[in-house]
Amino acid sequence: PKDSGATGACLALSGQHVRGIELLQTGLATHLIDADKVEGLLEALVDYRSNEQSPKDTGQQQGARCHEEKVDSIIRSFESESVREQRRLGLKWKCAELAATCFDLNISDDLEKRLEKLRACSAAEDSPAVKDCADSILQRIAANSPQSM
């Protein structure tokens, strides 16, 4: 991820699951391809690989950058329209703000302080999305805590 580790910490400590488009939104995945398109994608990549110029033919750095852009372009061409639309709208995970506030690994808060921040976010009425994420995470933590047994 491109964040301070807050997303991973949030997911690990809360047990929250992300799938599909949320993997792109969190930055844990770079591409999302439907299963029925994978075979075609692999064929396109093999075809590109067999026809590409070697990096030394085009200059090492320029060739590597060009190669990376071409591979990315091939992969994106197999993404669904809904994924393309999400990219156009901007990929932002619904809990990104909350994760940055409560789970930033650059801040040396202990778990209890992080839970206090979560509770404060849960009580806040000014941001429904943050409140919903905080509520969900607190419920999951409470349900999975050894103390809940």
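1. Let's start with Leu24. Leaving aside its neighbours within four places in sequence, Leu24 touches Ala29, Thr30, His31, Leu32, Val83, Arg87 and Leu91. Leu24 belongs to helix 2, and it counts as buried because its relative accessibility is 5%, under the 20% cut-off. A further pairing is worth finding in the viewer: Leu24 and Lys92 are 68 residues apart in sequence, yet their C-alpha atoms are 8.4 Å apart in space. Please keep in mind throughout that this is a predicted model.

2. Now for the overall picture. The protein chain has 9 helices and 0 strands, so reading from the N terminus the elements run α-α-α-α-α-α-α-α-α. Of its 149 residues, 28% count as buried. Among contacts with a separation of 6 or more, 60% are between residues 24 or more positions apart. The chain exposes about 9800 Å², and carbon and sulfur atoms supply 52% of that area.

3. Helix 1 is a good place to go next. This helix covers residues 6–14, and its buried residues are Ala6, Thr7, Ala9, Cys10, Leu11 and Ser14. What do these buried residues pack against? Their partners are helix 2 (21–26), helix 7 (96–102) and helix 9 (128–144). After helix 1 comes Gly15, with a positive phi near 75°.

4. Thr7 gives a view from within helix 1. With a relative accessibility of 5%, Thr7 counts as buried. Setting aside neighbours within four places in sequence, Thr7 is in contact with Thr26, Trp93 and Ala99.

5. Ser14 is also in helix 1 and deserves a closer look. Why does Ser14 count as buried? Its relative accessibility is 1%, and the cut-off for buried is under 20%. The side chain of Ser14 reaches the backbone oxygen of Cys10 at 2.6 Å. A polar atom of that Ser14 side chain also lies 3.1 Å from the backbone nitrogen of Gln16. Beyond the neighbours within four places in sequence, Ser14 contacts Ile137, Arg140, Ile141 and Asn144.

6. Helix 9 offers a simple check on geometry. Its 17 residues, at 1.5 Å a residue, should span 24 Å, and the C-alpha atoms at its ends are 24 Å apart, which agrees. The buried residues here are Val130, Cys133, Ala134, Ile137, Leu138 and Ile141. They cover an arc of only 130° around the axis, so they sit on the same side of helix 9. Which exposed residues does the face turned away from the buried side carry? They are Pro128, Asp132, Gln139 and Ala143. The buried residues of helix 9 pack against helix 1, helix 7 and helix 8 (111–123).

7. Turn next to the disulfide. The structure holds 1 disulfide, formed by Cys95 and Cys133, with their sulfur atoms 2.1 Å apart. The link of Cys95 and Cys133 is left-handed, with -90° about the S-S bond. Cys95 lies in the loop between helix 6 (81–89) and helix 7, while Cys133 is in helix 9, so the pair ties together parts that are 38 residues apart in sequence. Are these two cysteines buried or exposed? Cys95 counts as buried at 1% relative accessibility, and Cys133 is buried with a relative accessible area of 5%.

8. Two further cysteines are worth a glance. Cys10 is buried, with a relative accessible area of 0%. Where is the closest cysteine sulfur to that of Cys10? It is in Cys95, at 6.1 Å, which is too far for a bond, because a disulfide requires sulfur atoms within 2.5 Å. Cys66 counts as partly exposed, because its relative accessibility is 46%.

9. A short route for a second look may help. Begin at helix 1, whose buried residues pack against helix 9 among other helices. Then find Ser14 and its contacts with Ile137 and Ile141, which are both among the buried residues of helix 9. From there, move along to Cys133, another buried residue of helix 9, and follow the disulfide across to Cys95.

How values were computed:
Residues numbered from 1 in each chain as written. Predicted model: local features only at pLDDT ≥ 70, side-chain atom pairs only at ≥ 80, totals over all residues. Heavy atoms only, no water. Buried < 20%, exposed > 50% of the residue type's maximum accessible area, 1.4 Å probe, protein only. Helix = DSSP H or I, 4+ residues; strand = E, 2+ residues; numbered from the N terminus. Contact = heavy atoms within 4.5 Å. Polar contact = N/O pair within 3.5 Å; in protein donor to acceptor, adjacent residues only side chain to side chain. Expected span 1.5 Å × (residues − 1). Arc of directions from axis to C-beta. Areas by Shrake-Rupley, 256 points an atom, 1.4 Å probe, with all protein chains shown as cover.
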